[in-house]
Amino acid sequence: MATSTSASGAGGPQSAPAGPAKGSKERGEDPAGRDGARPRRTWRTLLHRFDIKAAPYAFVAPFFVVFAAFSFYPLLYTSWISLHDVELATMDVMEWEGFGNYTELWQDERFWNALGNTFTIGVISTVPQLLMALGLAHLLNYGLRGSAFFRVAALTPYATSVGAAALVFTMLFERDFGMINWFLGLFGFDNVDWGNAKWPAQLAISSIVIWRWTGYNALLYLAAMQAIPKERYEAAAIDGASRWQQFTKVTIPGIRSTIVFTIVLSTIGATQLFGEPLIFGQGPNGISGGADNQYQTLGLLLYEEGWKNYEMGRAATIAWAMFLLLVLVFVLQRVVKRLTSRTS
C-alpha cells in the first residue's frame with residue numbers, strides 16, 4: 001500500500017511531462033510556444049496578400065494602357081514626324097529635317113495669320129459665352145419656375161452634332177437669303193457678307209461656339225453654386241447685402257475654381273477649333289478658312305497642310321505648336337493664380 005501510494009504521489013500531475021495545455025489547438029495557440037518556428041505560409045495566404053497589393057494597380061491599369069496606346073504613343077510619334085519631311089502617300093519614307101519644319105513655320109505668314117484668327121475667335125466666343133453661362137446659372141439657382149425644363153434645354157445644344165449646328169448657322173448667315181440679314185434689313189441695314197468679310201465671318205463662327213457651349217458651362221456653374229452653403233447667403237442678407245452684392249461677394253468667390261476650370265477648358269477648345277469654321281467655309285470650291293484665310297484657325301491650317309498639301313511633317317509641326325501653346329497658357333494660368341493668391 002505504501003509503495004503504491006508513493007508511486008501514485010510521484011506520478012501525480014506535478015510530475016507530468018510538459019506539453020501543450022488541453023484545448024490549446026482549439027484556442028489557436030502556437031504549439032511550438034513563443035520561441036518556436038513561425039507557421040508556414042500557405043499558398044492561399046500568399047495569394048491573398050498579393051491580391052490586396054496588386055488589386056489597385058489592376059483597376060487603374062486599363063486607363064494607362066489606353067492612354068499609352070491612343071495618347072502618349074501618338075504624341076511621341078507626331079514629334080518624331082515633325083522632325084522629318086514626310087508625305088501622306090509615302091509615310092514610310094522619311095527625310096531628316098531636324099528643326100527645319102519649325103523654322104519654316106516660324107517664318108510662315110499663314111501660321112501667324114491662323115494664330116491671330118484663333119486668338120480673336122477664341123476671345124469673341126469665350127468671353128460672352130462664360131458671362132452668359134454665369135448669368136443663366138445664377139437665374140436657375142434662385143428657383144426659377146420650370147428650372148428642370150430649362151436645365152435640359154440648356155444642355156440640348158451641347159448634345160447637338162457640330163455638323164448639324166454649323167450647317168443651320170451657315171444658312172442663317174447666308175448673304176442673300178439668310179434670316180439674320182432679313183432681320184437686319186427690317187431696321188434699314190444692308191446685307192452683310194458674312195462669309196467673305198473677316199470680322200463678320202469670325203462673329204458668325206463665334207456665335208456657333210457660343211450657342212453650343214453656353215448651356216454646358218451654365219450647368220457646371222449651377223452645380224458649383226448649389227454646393228455653396230446657404231448659411232453664407234443668410235449671413236450676407238442679415239448684414240444688409242443686396243442680391244448683386246451676394247452674387248459678387250458670395251457666389252463668385254465660392255465658384256472661383258469652377259470659373260478657372262471653364263476658362264482653361266474654353267481655351268483648349270478655342271485652340272483646337274476646327275469643325276465650325278470648316279463647315280461654315282465650305283463653299284462651291286471647297287474653300288476652308290475663307291478665300292483670303294480671314295478665319296482660318298490653327299486646326300484648319302493643320303488640315304490644309306496634311307490632307308490637302310500632303311505635307312505630314314509640317315502638319316505634325318503645327319500640331320506640336322498647338323500643344324506647346326496650350327502648355328504656355330497653362331503655365332501662365334498657374335503664375336497668375338500664384339500672384340493673385342499672394343496679393344490676397
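Throughout these legends, a residue is called buried when its relative accessible area is under 20%, exposed when this area is over 50%, and partly exposed in between (1.4 Å probe, protein chains only). The model shown is predicted, so local features need pLDDT of at least 70 and side-chain atom pairs count only at pLDDT 80 or more, whereas totals for chains, interfaces and linings use all residues. Residues are numbered from 1 along each chain as its sequence is written, and side-chain values use heavy atoms, with hydrogens and water left out.

**View 1. The protein chain, with its 14 helices and two strands.**
Helices (H or I, at least four residues) and strands (E, at least two) are DSSP runs, numbered from the N terminus. Of the 344 residues in the protein chain, 31% are buried. The chain exposes about 22800 Å², of which carbon and sulfur atoms supply 66%; accessible areas come from the Shrake-Rupley method with a 1.4 Å probe, and for residues only the protein chains shown count as cover. When contacts (heavy atoms within 4.5 Å) are taken between residues at least 6 apart in sequence, 66% of them join residues at least 24 apart.

**View 2. The salt bridge of Arg314 with Glu104.**
Side chains of opposite charge can pair when their charged atoms come close. A salt bridge is here a side-chain nitrogen of Lys or Arg within 4 Å of a carboxyl oxygen of Asp or Glu, and the structure holds eight of them. In the bridge between Arg314 and Glu104, the closest N and O atoms are 3.1 Å apart. This pair links distant parts of the chain, since Arg314 belongs to helix 14 (residues 312–343) and Glu104 to helix 3 (residues 100–106), with their positions 210 residues apart in sequence. Arg314 counts as buried, at 14% relative accessibility, whereas Glu104 is partly exposed, with a relative accessible area of 42%.

**View 3. The salt bridge between Glu305 and Arg110.**
The side chains of Glu305 and Arg110 meet with an N to O distance of 2.2 Å. Because Glu305 lies in helix 13 (residues 298–307) and Arg110 in helix 4 (residues 109–141), the pair ties together parts that are 195 residues apart in sequence. Glu305 is buried, with a relative accessibility of 3%, while Arg110, at a relative accessible area of 24%, is partly exposed.

**View 4. The salt bridge between Arg175 and Asp176, and a network of bridges.**
The N to O distance between the side chains of Arg175 and Asp176 is 3.4 Å. Arg175 is partly exposed, with a relative accessible area of 40%, and Asp176 counts as partly exposed as well, at 43% relative accessibility. Elsewhere in the view, one network is formed by Glu104, Asp108, Arg110, Glu304, Glu305 and Arg314, which are joined by salt bridges that share partners.

**View 5. Ser125 in helix 4.**
Ser125 is buried, with a relative accessible area of 3%. Its side chain reaches the backbone oxygen of Ile121 at 2.7 Å; polar contacts are pairs of N or O atoms within 3.5 Å, where within protein one atom must be able to donate a hydrogen and the other to accept it, and residues adjacent in sequence count only if both atoms are side-chain atoms. Once neighbours within four places in sequence are left aside, Ser125 is in contact with Ser206, Val209 and Ile210.

**View 6. Thr251 in helix 10 (residues 243–254).**
Thr251 counts as buried, at 1% relative accessibility. Not counting residues up to four places away in sequence, Thr251 touches Met225, Ile228, Tyr233 and Gln246.

**View 7. Helix 11 (residues 256–271) and its span.**
The expected span of a helix is 1.5 Å times one less than its number of residues. For the 16 residues of helix 11 this gives 22 Å, which agrees with the 23 Å between its end C-alpha atoms. The buried residues in helix 11 include Thr258, Ile259, Thr262, Ser266, Ala270 and Thr271.

**View 8. A nonpolar surface patch of about 930 Å².**
Patches are made of residues with over 30% relative accessible area and no salt bridge, like charges being joined within 9 Å and nonpolar side chains (Val, Leu, Ile, Met, Phe, Trp, Tyr) within 5 Å. This patch is made by Tyr57, Phe59, Val60, Phe63, Phe64, Phe67, Phe72 and Leu76. One of these residues, Phe59, is found in helix 2 (residues 43–81) and counts as exposed, at 69% relative accessibility.

**View 9. Leu139 in helix 4.**
Leu139 is exposed, with a relative accessible area of 52%. Although Leu139 and Leu222 are 83 residues apart in sequence, their C-alpha atoms are 9.2 Å apart in space.
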